[in-house]
Amino acid sequence: MTADASGKNTKFVRVWRQLNVEDIKKQLLYIDDLYGTCGNCKKLGLNYLKDKKCPDCGITFKYLATKLSKVGDIGKILSRIDKEGLDLTLIEREDFERSSASDAARDLFKS
């Protein structure tokens with residue numbers, strides 16, 4: 001919980017939003033606590049607090065996804081994003097992977 005510009009307390013709330021999976025894939029950084037992997041080129045060892053762009057492919061990160069599932073762990077990541085003023089959106093990795101898999105399966109059977 002943090003205070004916004006008006007001094008009111010704010011909290012993190014899960015929001016459902018329709019997004020283009022291909023756009024996310026190109027701008028995604030997979031993280032496990034602090035270090036991660038570029039979703040576009042698979043570069044390892046990136047730090048979401050410091051690496052705004054991938055040093056290999058140059059993509060600017062807009063989304064984060066993690067396998068961490070404990071509310072406390074997710075809260076720490078969200079707090080770091082907020083504290084550092086990062087322009088990143090944390091997405092549910094399981095939802096994203098499910099959407100990617102269904103797209104891949106559908107494309108497999110296209111003629």
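Analyst: The expected span of a helix is 1.5 Å times one less than its number of residues, where helices (H or I, at least four residues) and strands (E, at least two) are DSSP runs numbered from the N terminus. The structure discussed here is a predicted model, in which local features need pLDDT of at least 70 and side-chain atom pairs count only at pLDDT 80 or more, while totals for chains, interfaces and linings use all residues. Residues are numbered from 1 along each chain as its sequence is written, and side-chain values use heavy atoms, with hydrogens and water left out.

User: How do you know that the span of α2 agrees with its number of residues?

Analyst: At 1.5 Å a residue, the 14 residues of α2 should span 20 Å, and the C-alpha atoms at its ends are 20 Å apart, so the two values agree. Just after α2, Gly85 adopts a positive phi of about 65°. In the protein as a whole there are 3 helices and 7 strands, which run β-β-α-β-β-β-β-α-β-α from the N terminus on.

User: What puts the buried residues on the same side of α2?

Analyst: The buried residues in α2 (under 20% relative accessible area, with exposed over 50%, partly exposed in between, a 1.4 Å probe and protein chains only) are Ile77, Leu78 and Ile81. They cover an arc of only 95° around the axis, taken from the directions to the C-beta atoms, and therefore lie on the same side of α2. These buried residues pack against β3, β6 and β7 (89–92), whereas the face turned away from the buried side of α2 carries the exposed residues Lys76 and Lys83.

User: Why is Cys41 not bonded to Cys54, the cysteine with the closest sulfur?

Analyst: A disulfide is a pair of cysteine sulfur atoms within 2.5 Å, and the sulfur of Cys41 is 3.5 Å from that of Cys54, which is too far for a bond. Cys54 is accordingly in no disulfide, and the structure as a whole holds 0 of them. As for accessibility, Cys41 has a relative accessible area of 32% and is therefore partly exposed, whereas Cys54, at 3%, counts as buried.

User: What makes up the largest nonpolar core?

Analyst: A nonpolar core is a set of buried Ala, Val, Leu, Ile, Met, Phe, Trp, Tyr and Cys residues joined through side-chain atoms within 4.5 Å. The largest one has 12 residues, among them Leu29, Ile31, Cys54, Phe61, Ile77 and Ile81, and the elements that give two or more residues to it are β3 (28–32) and α2 (71–84). A second, separate core of 8 residues includes Val21, Leu28, Tyr30 and Tyr63. Leu29 makes contact (heavy atoms within 4.5 Å) with residues including Cys38, Leu46, Phe61 and Leu64, when those up to four places away in sequence are not counted. In soluble globular proteins, nonpolar side chains tend to be buried together. Of the 111 residues of this protein, 25% count as buried.

User: Why does Thr66 count as buried, and which backbone atoms lie within reach of its side chain?

Analyst: Thr66 has a relative accessibility of 7% and therefore counts as buried; its place is in strand β6 (residues 63–66). A polar contact is a pair of N or O atoms within 3.5 Å, where, within protein, one must be able to donate a hydrogen and the other to accept it, and residues adjacent in sequence count only if both atoms are side-chain atoms. A polar atom of the Thr66 side chain lies 2.9 Å from the backbone oxygen of Ile31, and a polar atom of that side chain lies 3.1 Å from the backbone nitrogen of Leu68. Beyond four places in sequence, Thr66 touches Ile31, Asp32, Ile74, Ile77, Leu90 and Arg93.

User: Why does Lys42 count as exposed or buried, and what is its phi?

Analyst: Lys42 has a relative accessibility of 52% and therefore counts as exposed. Its phi is near 75°, a positive value in a residue other than glycine. Lys42 is placed in the loop between β4 and β5, and a polar atom of its side chain lies 2.9 Å from the backbone oxygen of Gly39. The loop between β4 (35–38) and β5 (46–47) is also the place of Gly45, which touches Tyr35 and Gly36, with residues up to four places away in sequence not counted.
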